[in-house]
Amino acid sequence: ADNLSDALKKLKITTTDSTADSLEGCLDCLLQALAQNNMETSEKIQKSGVLQVFASLLTPQSSCTAKVANIIAEVARNEFMRNPCVEAGLIPPLVQLLNCKDQEVLLQTGRALGNICYDSHEGRNAVDHAGGAHIVVDHLRSLCSRTDPASEKLLTVFCGMLMNYSNENDTLQSQLINMGVIPTLVKLLGIHCQNAALTEMCLVAFGNLAELESSKEQFAYTNIAEELVKLFKKQIEHDKKEMIFEVLAPLAENDVIKLQLVEAGLVECLLEIVQKTVDSDKEEDIAELKTASDLMVLLLLGDESMQKLFEGGKGSVFQRVLSWIPSNSHQLQLAGALAIANFARNDGNCIHMVDNGIVQKLMDLLDRHVEDGNVTVQHAALSALRNLAIPVVNKAKMLSAGVAEAVLKFLRSEMPPVQFKLLGTLRMLIDAQAEAAEQLGKNVKLVERLVEWCEAKDHAGVMGESNRLLSALIRHSKSKDVIRTIVQSGGIKHLVTMATSEHVIMQNEALVALALIAALELVTAEKDLENAQLVQILHRLLSDDRSAPEIKYNSMVLICALIGSEPLQKEVQSMAFLEVISKLRSHENKTVAQQASLTEQRLAVES
């Protein structure tokens with residue numbers, strides 16, 4: 001301790017009159033003390049005011065420069081020392097040293113800057129201000145192909161420095177991307193794949209940068225997919241695989257890279273992991289199974305990569321994914337159902353899958369989750385069924401396979417994501433299927449649940465889908481029984497509210513359903529239509545210049561139907577509809593203009 005105090009005192013007067021030898025001795029004493037107790041020594045160094053002295057010792061000409069930089073690197077390992085290093089003005093001279101040729105000086109300078117930047121906003125700003133990142137990126141470029149141990153050590157330190165510099169800072173990450181650091185790092189990874197420390201640094205740097213959209217475009221122009229898959233195949237340790245996964249996941253969000261990863265053979269690696277880990281109850285295997293199967297699903301989100309793996313439904317990957325659905329692992333059931341939902345993104349694939357019995361597999365899966373259901377699996381299986389029900393030719397096949405009944409078992413669910421998918425699946429199934437729409441529309445339990453969900457103010461998606469399904473039951477069945485069931489369950493007011501939706505498609509569906517109600521069961525619905533103030537709403541829709549032509553057209557059709565009811569006709573007369581409608585006779589849309597003339601005649605006759 002006495003030696004340290006002496007050394008610190010000497011250093012304070014050193015800069016003015018001291019020989020290089022006595023300076024070296026003081027610095028060695030500091031390094032020794034830091035090695036023994038870094039934190040305590042750092043505190044003493046800070047208190048002594050020596051940090052300011054270091055700034056003047058950091059010169060390329062001095063033989064002590066590397067030692068001074070090494071001391072700064074050691075001191076900056078402590079969080080409380082990073083700001084003082086910046087305040088002592090150490091960053092500009094350190095950045096200047098990045099231009100020198102001496103490898104030891106470069107190494108210690110890189111360490112010092114990297115440590116000062118670690119988790120320090122001030123440190124990063126100061127390095128940015130002094131232009132440090134630019135010089136380091138240039139070094140990486142020029143050293144990239146050198147494989148001697150000293151160069152590899154330097155490359156590792158510089159990669160680490162850039163990583164600390166840009167970590168969790170979008171602005172600095174963008175800056176590095178604009179400097180073109182990505183192709184250099186990818187090249188590094190390829191050349192130095194045998195060097196574990198350098199590889200690790202590259203991976204962490206990729207993980208940092210890959211979150212940004214602009215980086216993915218740059219990555220897509222490199223052979224990153226190939227390099228990562230090559231590296232992945234060699235890994236035995238769980239931690240290393242995990243690191244590569246962390247880079248793959250954000251990169252795989254880009255469609256071009258998705259395809260590159262598929263072509264580089266990532267899928268085979270993932271399937272192998274699934275096979276190895278599926279029956280294990282080790283924590284790390286369970287985590288690996290989840291990551292691999294999630295990544296597999298992500299690769300299927302790209303249209304090209306998905307079609308490549310589907311291979312007309314004959315692909316081995318597609319077949320393997322199918323085998324996940326009956327598995328006993330919830331994670332694999334989930335991934336299998338999500339993968340099917342992703343394969344079911346075009347009509348051709350959907351038709352092929354339905355013809356080849358996929359529906360039964362999904363219904364069996366749902367059956368296993370009715371009672372103590374796993375919500376994510378329910379949601380995924382319903383998503384897959386919904387997508388499969390989109391092509392017209394599949395609807396009748398799926399209905400006769402009993403999909404509607406299987407889906408209705410989840411009416412009790414209190415989970416909004418499940419409710420949302422359940423509604424969407426039923427709506428797809430009954431599209432233009434009159435018989436099925438009638439059967440479901442007379443199901444009192446279903447209609448009552450829909451009416452309840454139409455009020456799910458906290459869940460806009462569920463609310464919207466419930467309204468749309470109510471309207472669809474009427475539009476596709478055109479059945480008086482269905483209308484009566486909906487009236488009795490209190491559904492009319494929701495259809496009227498739906499006519500004021502901000503989505504034109506929903507407004508339109510509501511108006512068409514209301515027109516059918518008025519045409520087929522006006523007396524039954526009359527009171528509810530009156531209470532819901534339908535006539536006032538129609539007046540508003542017709543007066544509003546922003547209403548779409550089809551909304552104006554269907555509103556007038558509905559007015560003509562409503563005047564068959566005495567109380568509703570009175571309301572229509574009291575609201576000066578003629579005035580609004582006569583203006584629409586000159587509407588630019590011919591159909592609207594024609595309907596305006598017809599409506600005007602009807603209203604004139606009735607009045």
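## The enclosed space

What volume does the largest cavity have? In this predicted model, the largest cavity has a volume of about 50 Å³. If you search the whole structure for cavities of 30 Å³ or more, you find 1.

Its walls are easy to look up in your viewer: C159, L162, M163, S166, L176, V181, L185, A205 and L209 line the largest cavity. By class, that lining comprises 8 nonpolar residues and 1 polar residue, with no charged ones. Helix 11 (149-166), helix 13 (181-191) and helix 14 each provide at least two of the lining residues. Helix 11 is the biggest contributor here, giving 4 residues.

## The largest pocket

Now for the open space. The largest pocket holds about 370 Å³, and 18 residues line it. To find its middle, look for M463, G464, N467, S501 and M506, which lie nearest the centre of the pocket.

Two elements, helix 32 (460-477) and helix 34 (492-498), give two or more residues each to this lining. Helix 32 gives the most, with 7 residues. The lining of the largest pocket is made up of 6 nonpolar, 8 polar and 4 charged residues.

## Aromatic pairs

There are 5 aromatic pairs in the structure. One of them joins F206 and F219, edge-to-face, with 5.5 Å centre to centre and 75 degrees between the planes. Because F206 sits in helix 14 (residues 196-209) and F219 in helix 15 (residues 213-220), this pair ties together parts that are 13 residues apart in sequence. Both F206 and F219 are buried.

Another pair to look at is F318 with F343. The ring centres of F318 and F343 are 5.1 Å apart and their planes stand at 85 degrees, so this pair is edge-to-face. It links distant parts of the chain, with F318 in helix 22 (residues 316-324) and F343 in helix 23 (residues 330-343), 25 residues apart. F318 and F343 are both buried. Together with F310, they form one aromatic cluster.

## One side of helix 4

Which residues of helix 4 (residues 50-57) are buried? They are V50, L51, V53, F54 and L57. These residues cover an arc of only 150 degrees around the axis, so they lie on the same side of helix 4.

## A buried alanine

A380 is part of helix 26 (residues 375-388). Is A380 buried or exposed? Its relative accessibility is 0%, and buried means under 20%, so A380 counts as buried. If you want to see what A380 looks across to, try P417: the two are 37 residues apart along the chain, and 9.7 Å separate their C-alpha atoms.

## Domains along the chain

Finally, the overall layout. A domain assignment divides the chain into domain 1 (1-130), domain 2 (155-264), domain 3 (307-432), domain 4 (445-532) and domain 5 (536-606). Taken over C-alpha atoms, the centres of domain 1 and domain 3 are separated by 63 Å.

How values were computed
Residues numbered from 1 in each chain as written. Predicted model: local features only at pLDDT ≥ 70, side-chain atom pairs only at ≥ 80, totals over all residues. Heavy atoms only, no water. Phe/Tyr/Trp six-rings, centres within 6.5 Å; stacked < 30°, edge-to-face > 60°. Buried < 20%, exposed > 50% of the residue type's maximum accessible area, 1.4 Å probe, protein only. 1 Å grid on protein atoms, 1.4 Å probe; cavity = no way out; pocket = protein on both sides within 12 Å on 5 of 7 lines; lining within 4 Å. Points joined across faces, edges and corners; volume = space filled by probe spheres on them. Nonpolar A, V, L, I, M, F, W, Y, C, P; charged D, E, K, R; others polar. Arc of directions from axis to C-beta.
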